[in-house]
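Good morning, and thank you for coming. I should like to take a few minutes to go through one model with you, beginning with its surface and then turning to its helices and charged pairs.

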Amino acid sequence: MSSRLNIEVSLVAHFVLERLAHHHGLTQRQMLERLITGPHEALCKSLEGDDFRRYIDKGAA
């Protein structure tokens, strides 16, 4: 499942995403997904109990 994300980023961020994706042999979409989900997964592993629930519930709008 996927969802469309339509955003504007700075020109610098655009070129950085291009470079990172190329360096890792990924598409820009794949690179952006890794840049988003990596920190999320690390944070989820570090949170416990109520802190974890608050974090997860905050995004369930």
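L5 counts as exposed, because its relative accessibility is 57% and the cut-off for exposed is over 50%. Please bear in mind throughout that this is a predicted model. In the chain, L5 is found in the segment that comes before α1, the helix of residues 11-24. L5 also contributes to a nonpolar surface patch of about 550 Å². The other members of that patch are I7, V9, L32, L35 and I36.

Let me move on to α1 itself. How far apart should the ends of its 14 residues be, at 1.5 Å a residue? The expected span is 20 Å, and the end C-alpha atoms are 20 Å apart, so the two values agree. After α1 comes G25, which has a positive phi, near 70 degrees.

I now turn to the charged side chains. In general, side chains of opposite charge can pair when their charged atoms come close. How many salt bridges does the model contain? The count comes to 3, and I shall take them in order along the chain.

The pair I begin with is R29 and E33, whose closest N and O atoms are 3.2 Å apart. Both residues belong to helix α2, residues 28-46, and they are 4 residues apart, about one turn of the helix. R29 counts as exposed because its relative accessibility is 54%. E33, at 40% relative accessibility, is therefore classed as partly exposed.

The next pair brings us to helix α3, which covers residues 49-58. Here the side chains of D50 and R53 meet in a salt bridge, with an N to O distance of 2.9 Å. These two residues are 3 residues apart in the helix, so about one helical turn separates them. D50 is partly exposed, with a relative accessible area of 47%, and R53 is partly exposed as well, with 46%.

The remaining pair is D51 with R54, a salt bridge in which the closest N and O atoms are 2.5 Å apart. D51 and R54 also lie in helix α3, with a separation of 3 residues, about one turn of the helix. Is each partner exposed or partly exposed? D51 has a relative accessibility of 41% and so counts as partly exposed, whereas R54 is exposed, with a relative accessible area of 53%.

That concludes my presentation, and I would welcome your comments.

Definitions and conventions:
Residues numbered from 1 in each chain as written. Predicted model: local features only at pLDDT ≥ 70, side-chain atom pairs only at ≥ 80, totals over all residues. Heavy atoms only, no water. Patch = residues over 30% accessible without salt bridge, like charges linked within 9 Å, V, L, I, M, F, W, Y side chains within 5 Å. Areas by Shrake-Rupley, 256 points an atom, 1.4 Å probe, with all protein chains shown as cover. Salt bridge = Lys/Arg side-chain N within 4 Å of Asp/Glu carboxyl O. Buried < 20%, exposed > 50% of the residue type's maximum accessible area, 1.4 Å probe, protein only. Expected span 1.5 Å × (residues − 1).
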